[in-house]
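Biologist: I am new to this structure and would like a close look at a single part of it. Please choose one strand and take me through its surroundings step by step.

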Amino acid sequence: MVMSNRDKIATLEKSQLKTDRPPFKIGDTLQVYVKIQEDEKTRLQMFEGLVTSRRGSGPGETFTVRRVAFGEGMERTFLLHSPFIEKLRVVRGGKVRRAKLYYLRKKVGKGTRIEARWGEEQQQKSGTTAGPAPEVRPAVQTPGQTPASGS
């Protein structure tokens, strides 16, 4: 069977996609470990921040991460399936109602906070939906008192 050029490109693109990337959404806090080549050495550099946008699909899909360091906001755009990204780690989920969080560029301080999202995965891990079980502490006996007897 003869493959069309479109089919050839699709199979080539499918082989380029990385399958080890965790699912993440806009508003999540991510740690992106990037390979940095300096002379003959290769090292990992971590960039942690808030995902402000995602665009594209396939091997050209990109996402933008924003962080504030030393009072200066910086944004960095990464290719999702780039070989230079060693790993991605979702630190915390964020609850937002926008597809692009460009409005955070104008916000300062506490105005940039995003509410945490509790997903189904985290509820299944803990086994409950109400949160962790309360800690039960034994009664504290004050010095000089004898424990009360039952009779």
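Modeller: A residue is called buried when its relative accessible area is under 20%. By that cut-off, 7 of the 10 residues of strand β1, which spans residues 29-38, are buried, so the strand is largely enclosed by the rest of the structure. The model is a predicted one, and what follows should be read with that in mind.

Turning to the partners of this strand, β1 is joined by 10 bridges to strand β2, residues 41-55, and the two run antiparallel; within this pairing, Q31 has E48 of β2 standing opposite. The hairpin that β1 and β2 make has 2 residues between the strands, and D39 there adopts a positive phi near 55 degrees. Strand β1 also pairs with strand β5, residues 85-92, over 6 bridges and again in the antiparallel sense, with V34 placed opposite I85 in β5.

These pairings belong to an open sheet of 5 strands, whose order is β4-β3-β2-β1-β5 and whose pairing is antiparallel. The edges are taken by β4, residues 72-79, and β5, each of which has a single partner strand, so one side of each is left without a neighbour in the sheet. From one strand to the next, the twist averages 40 degrees. Further along the sheet, β2 is connected to strand β3, residues 62-69, by 5 bridges in an antiparallel arrangement, and R54 stands opposite F63 in β3.

The side chains add to this picture, for the largest nonpolar core has 18 residues, of which F24, L30, V32, F63, F78 and L88 touch the most other members. At least two residues of this core come from each of β1, β2, β3 and β5, and β1 supplies the largest share, with 4 residues. When neighbours within four places in sequence are left aside, F78 is in contact with residues that include V32, V34, F63 and I85.

One residue before the strand also deserves attention, namely R21, which lies in the loop between α1, residues 5-16, and β1. With a relative accessibility of 13%, R21 counts as buried, and its side chain reaches the backbone oxygen of L80 at 2.8 Å. Not counting residues up to four places away in sequence, R21 touches L80, H81, S82, I85, E86, K87 and L88; I85 from that set is the residue opposite V34 of β1, while L88 is among the core residues that touch the most other members.

Terms used: Residues numbered from 1 in each chain as written. Predicted model: local features only at pLDDT ≥ 70, side-chain atom pairs only at ≥ 80, totals over all residues. Heavy atoms only, no water. Buried < 20%, exposed > 50% of the residue type's maximum accessible area, 1.4 Å probe, protein only. Pairing = 2+ DSSP bridges. Axes fitted to C-alpha atoms, helices over the stretch in contact; angles between N-to-C directions. Core = buried A, V, L, I, M, F, W, Y, C linked by side-chain atoms within 4.5 Å. Contact = heavy atoms within 4.5 Å. Polar contact = N/O pair within 3.5 Å; in protein donor to acceptor, adjacent residues only side chain to side chain.
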